Amino acid sequence: NVKLASLPTPAPTPVATPSATLEKPYVEIKTTPTGFLRVRLSPSTSATEAGRVQPGDKLPLLDSKSGWYLIKVDLTATSSGWISAQYADKFE
């Protein structure tokens, strides 16, 4: 039998945060009334929804256009999409 007290205590492992490894520019999704944010195929509320991202998600910023951010995202329909800038903080 091994006594737990006799084992060396491992050093605490630092927790990697996405922002530490994500290069700028990027966006962080803010809290939304729906609990998610729609990713659209073009910068318009009438554009087709390609998928959704969650508050707290940090995603690479590819471009911006009048109140919209083009983000890199891994969705079935596309590898990038537009989100409303109103619901994201930009880090440059």
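**Figure 1. Strand E5 is mostly covered in this predicted model.** E5 spans residues 68-72. Of its 5 residues, 4 are buried. Strand E4, residues 58-65, pairs with E5. The two run antiparallel and are joined by 4 bridges. One pairing to look for is Asp63 with Leu70, its bridge partner in E5. E4 and E5 make a hairpin, with 2 residues between them. Ser66 sits in that turn and has a positive phi of about 25°.

**Figure 2. Strand E6 pairs with E5.** E6 covers residues 80-84. Here 5 bridges join E5 to E6, and the strands run antiparallel. Find Tyr69, then look across to E6: its bridge partner there is Ile83. E5 therefore has bridges to E4 and also to E6, if a strand pair is taken to need at least two bridges.

**Figure 3. Gly81 is a buried residue of strand E6.** Gly81 lies in E6. Its relative accessibility is 1%. Buried means under 20%, so Gly81 counts as buried. Several contacts of Gly81 lie in the stretch from Tyr69 to Val73: Tyr69, Leu70, Ile71 and Val73 are among them. Gly81 also touches Val39 and Arg40. These contacts leave out residues up to four places away in sequence. Gly81 and Tyr69 are 12 residues apart along the chain. Their C-alpha atoms are separated by 8.1 Å.

**Figure 4. The largest nonpolar core has 15 residues.** The residues with the most contacts inside this core are Val27, Ile29, Val39, Val53, Tyr69, Ile71 and Ile83. Five strands each supply at least two core residues: E1 (26-29), E2 (37-40), E3 (49-53), E4 and E5. Tyr69 is also the bridge partner of Ile83.

**Figure 5. Val39 has contacts in several parts of the chain.** Set aside its neighbours within four places in sequence. Val39 then touches a run of residues from Thr48 to Val53: Thr48, Glu49, Ala50, Gly51, Arg52 and Val53. Val39 is also in contact with Ile71, Val73 and Leu75. Its remaining contacts are Gly81, Trp82 and Ile83. Val39 is one of the residues with the most contacts inside the largest nonpolar core.

**Figure 6. The largest pocket holds about 180 Å³ of space.** Its lining includes Thr32, Pro33, Thr34, Phe36, Leu37 and Arg38. Arg40, Thr45, Trp68, Ser84 and Tyr87 also line the pocket. By class, the lining has 5 nonpolar, 4 polar and 2 charged residues. E2 gives the most to this lining, with 3 residues.

**Figure 7. Ser84 lines the largest pocket and is buried.** Ser84 is found in strand E6. Its relative accessible area is 16%. The cut-off for buried is under 20%, so Ser84 counts as buried. Leaving aside neighbours within four places in sequence, Ser84 is in contact with Leu37, Gly67 and Trp68. Leu37 and Trp68 are pocket-lining residues too.

**Figure 8. The whole chain has 1 helix and 7 strands.** Along the sequence, the pattern is α-β-β-β-β-β-β-β. The chain has 92 residues, and 30% of them count as buried. Now take the contacts with a separation of 6 or more. Residues 24 or more positions apart account for 51% of these contacts.

Technical notes. Residues numbered from 1 in each chain as written. Predicted model: local features only at pLDDT ≥ 70, side-chain atom pairs only at ≥ 80, totals over all residues. Heavy atoms only, no water. Buried < 20%, exposed > 50% of the residue type's maximum accessible area, 1.4 Å probe, protein only. Contact = heavy atoms within 4.5 Å. Core = buried A, V, L, I, M, F, W, Y, C linked by side-chain atoms within 4.5 Å. 1 Å grid on protein atoms, 1.4 Å probe; cavity = no way out; pocket = protein on both sides within 12 Å on 5 of 7 lines; lining within 4 Å. Points joined across faces, edges and corners; volume = space filled by probe spheres on them. Nonpolar A, V, L, I, M, F, W, Y, C, P; charged D, E, K, R; others polar.
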